[in-house]
Amino acid sequence: MRALPARRIATSALCATFLLGIAAPVAVAADHDPAPGARAAAVPAAAVRAPVPEADALLAQTAALADVAGVLKPVTDLLTAALKADSAKLPADDATKLGDAVKEAITKATASAPAAPQTPAAPQTPPAKAPTEPKAPAEVNSPAEPKIPADPPSILPALPGAPALPAPAAAGRVAAPDLRADALKALQGSVDSLVEAAVAGDATALGTAAKQVVTGLVDFVAAVAVGGALPAPNLPGLPEQPSDVPAQSGSGG
């Protein structure tokens, strides 16, 4: 009867040893395992939040290209429809619809253009003064002439019709030519002529207006390319761009 309790004690001890062998590594791993926050802190923040180099400049260039694409598509749609029309005549509704799409695209591209930069005006050289001749001595007993102040008053009343003076902040600075705005304005004028010729069915006028529209598109693309928003092309064999074209700041457009 005494062997049974000893057997039970041995069995209980064996089970306890078995359970301890399983739980001990888990407990040790739990003691040495860092918390989730500690693991996240171990990852360098720069590796997770590293910004794209020159992202702002690239976004401005992307916006400029989007403006070019937004204008090219409706203008080329109008050109294609007008040049393929029977007897060079487009229905008035179709011509108006295509023309309005071009006008909307040009208005959007004009609104997204960056402001023209201000460049310092060239200093003006004051005119050379001729030497003054010495005055003859005044006669005795002659009344003295009234003296005229050398400098006029600093504030003079404005004369009727006189041009307004420039604001102090804008004095000495001249706006650079806005090539992009000029190109869009000229393109809109040639598109209006194209729509008018297409509705009238005038093949000669349509051909002339179509050439002007194609040239206007090229001028617009060139104005965006040299305006400072896009990088210079580096395709081998391309001629170098003129260096005297004033650069303009870029938005997206």
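These legends go with several close-up views of one predicted model.

Residues are counted from 1 along each chain as its sequence is written, and side-chain values rest on heavy atoms, with hydrogens and water left out. Because this is a predicted model, local features need pLDDT of at least 70 and side-chain atom pairs count only at pLDDT 80 or more, while totals for chains, interfaces and linings use all residues.

**View 1. The whole chain, before we zoom in.**
The protein has 7 helices and 2 strands; helices (H or I, at least four residues) and strands (E, at least two) are DSSP runs, numbered from the N terminus. Reading from the N terminus, the order is α-α-α-α-α-β-β-α-α. Out of 253 residues, 18% count as buried, where buried means under 20% relative accessible area, exposed over 50%, and partly exposed in between (1.4 Å probe, protein chains only). Take the contacts (heavy atoms within 4.5 Å) with a separation of 6 or more: 81% of them join residues 24 or more positions apart.

**View 2. The largest nonpolar core.**
A nonpolar core here is a set of buried Ala, Val, Leu, Ile, Met, Phe, Trp, Tyr and Cys residues joined through side-chain atoms within 4.5 Å. The largest one holds 32 residues, and Val71, Val75, Leu187 and Leu194 touch the most other members. Helix 4 (55-84), helix 5 (92-111), helix 6 (179-200) and helix 7 (203-226) each give two or more residues to this core. Zoom in on valine 75: setting aside neighbours within four places in sequence, this residue is in contact with Val102, Leu187, Val213 and Leu217. As a rule of thumb, in soluble globular proteins nonpolar side chains tend to be buried together.

**View 3. Helix 5 against helix 6.**
Two packed helices are described by the angle between their axes and the distance between the axes. For helix 5 and helix 6, the axes come within 10 Å and cross at roughly 175°; axes are lines fitted to C-alpha atoms, for helices over the stretch in contact, and angles run from 0 to 180 degrees between N-to-C directions. That makes helix 5 roughly antiparallel to helix 6, since angles over 145 degrees get that label (under 35 is roughly parallel, 65 to 115 roughly perpendicular, and the rest oblique). On the helix 5 side, the residues in contact include Ala92, Gly99, Val102 and Ile106, and they meet helix 6 residues including Arg180, Leu184, Leu187 and Val195. Glutamine 188 sits in helix 6 and is buried, at 14% relative accessible area. Beyond its neighbours within four places in sequence, glutamine 188 is in contact with Val102, Lys103 and Ile106.

**View 4. Helix 6 and the residues at its two ends.**
At 1.5 Å a residue, the 22 residues of helix 6 should span 32 Å, and the end C-alpha atoms are indeed 32 Å apart; the expected span is 1.5 Å times one less than the number of residues. Among the buried residues of helix 6 are Arg180, Ser190, Leu194 and Ala198, and what covers the buried set includes helix 4, helix 5 and helix 7. In the loop between strand 2 (173-175) and helix 6 you'll find aspartate 178, which is partly exposed at 21% relative accessibility. A polar atom of the aspartate 178 side chain lies 3.3 Å from the backbone nitrogen of alanine 181. That pair is a polar contact: N or O atoms within 3.5 Å, where within protein one must be able to donate a hydrogen and the other to accept it, and residues adjacent in sequence count only if both atoms are side-chain atoms. Aspartate 178 and glycine 227 are 49 residues apart along the chain, yet their C-alpha atoms are separated by 8.6 Å. Just after helix 6, glycine 201 takes a positive phi of about 75°.

**View 5. Helix 7 from its start.**
A side-chain oxygen of aspartate 202 reaches to within 3.2 Å of the backbone nitrogen of threonine 204 at the start of helix 7. Buried residues in helix 7 include Leu206, Val213, Leu217 and Phe220, with helix 4 and helix 6 among what covers the buried set.

**View 6. Two loop residues with positive phi.**
Glutamate 54, in the loop between helix 3 (45-48) and helix 4, has phi near 55° and is exposed at 64% relative accessible area. Serine 87 lies in the loop between helix 4 and helix 5, with a positive phi of about 60° although it is not a glycine. Serine 87 is exposed too, at 68%.
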